[in-house]
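Got your viewer open? Grab the mouse and let's take a walk through this protein, one selection at a time.

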Amino acid sequence: MLSYDNPVTVNGTHASAASMAGSMNTMGPNPKPINATIVPVTSNNTIAKTNGQPAPRHHHIWLVTGPAGCGKSTVAKHLSMSLNLPYIEGDEFHPKANIDKMANGIPLTDADRWDWLTALREESLRQLASGAEGVVLTCSALKRKYRDVIRVAPYYSHDVVLHFIYLHAPEDVLLQRVGLRQNHYMGANMVHSQFSILEPPTAEEKDVISVDVSGPMEEVMRDALDKVLEKIDEVASS
């Protein structure tokens, strides 16, 4: 059984609690990465054919992650349109109790997040099983153990390849952006709350693509898409 308090092995590497704690102490002002529904599967444990058509060799889940204000939805929608893939807005899967807490400036606990994270993972697999070649998903995934919940997805189907697109910028940049939002339940006070628990991806998390979002959003979207296309070519040639 998966324990959400223990890191999951990523690409054959297992990070110890001590090494993770040491990495966390080096976090700078811009926290860059530091150096179950069962879907139809074949006998090889891969996504089954859909409508009689052979499934692609790889199904990609592109999970756009990062704290409030980093532009997850903007970047994810751009990737979705550019790659012609379904888009899953993670915030829409929060239960009302979670939304009410965040709207009142109350940080979510781990217990608030487990069912939400599982729902996002299962929805991603459902879309793939329905015929999508990949999906683009948004989720803050602030802690390693939250990311590990989504990392279970390839265990169900071995042709699923999971990628985290980690968007990062200094806290003051994100505070400014969130302050300009209107009619959104995530207030500026939640940026500091999220930064206080943020665990930037470590060097052991080989499935992470890092994108600095400090610059103009047009540059950020271009950079994110370029890195995704590069990763697609890399996986296809492996």
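How many bridges join β1 to β3, and do they run parallel or antiparallel? Select both strands and look: five bridges join them, and the two run parallel. Keep in mind that you are looking at a predicted model.

**Stop 1: the sheet.** Now colour all the strands. You should find an open sheet of five, in the order β2-β3-β1-β4-β5, with parallel pairing. Strands in a sheet pair through backbone hydrogen bonds, so switch those on if your viewer can draw them. Go to the edges next: β2 (87–88) and β5 (208–212) each have a single partner strand, so one side of each is left without a neighbour in the sheet.

**Stop 2: β1.** Select residues 59–65, which make up β1. On its other flank from β3 you'll meet β4, running parallel to β1 and joined to it by seven bridges. Click on Ile61: its bridge partner in β3 is Val135, while in β4 it stands opposite Leu162.

Is β1 mostly covered or mostly open? It is mostly covered, with seven of its seven residues buried. In a regular strand, side chains alternate between the two faces of the sheet. Show the side chains here and check each face: His59, Ile61, Leu63 and Thr65 are on one side, His60, Trp62 and Val64 on the other, and all of them are buried.

**Stop 3: the largest core.** Stay with Ile61 for a moment. Along with Leu117, Leu120 and Cys139, Ile61 touches the most other members of the largest nonpolar core, which has 27 residues. Several elements give two or more residues to this core, among them β1, β3 (134–138) and β4 (160–168). The largest share, six residues, comes from α4, so to speak the next thing to select: residues 110–129.

Within that range, pick Leu120 and show what surrounds it. Leaving aside residues up to four places away in sequence, Leu120 touches Ile88, Gly90, Phe93, Leu137, Thr138, Cys139 and Ile150.

**Stop 4: a second core.** Next, select Ala169, Val191, Val211 and Val228. They are included in a second, separate core of 24 residues.

**Stop 5: β5 and a helix.** Finish at β5, which pairs with β4 in the parallel sense over five bridges. Find His168 and look across to Asp212 in β5, which stands opposite. Then select helix α9, residues 217–236: this helix packs on the sheet and touches β1, β4 and β5. Line up your view with β5, and you'll see that the direction of α9 makes about 160 degrees with that of the strand.

Terms used:
Residues numbered from 1 in each chain as written. Predicted model: local features only at pLDDT ≥ 70, side-chain atom pairs only at ≥ 80, totals over all residues. Heavy atoms only, no water. Core = buried A, V, L, I, M, F, W, Y, C linked by side-chain atoms within 4.5 Å. Buried < 20%, exposed > 50% of the residue type's maximum accessible area, 1.4 Å probe, protein only. Helix = DSSP H or I, 4+ residues; strand = E, 2+ residues; numbered from the N terminus. Contact = heavy atoms within 4.5 Å. Pairing = 2+ DSSP bridges. Axes fitted to C-alpha atoms, helices over the stretch in contact; angles between N-to-C directions.
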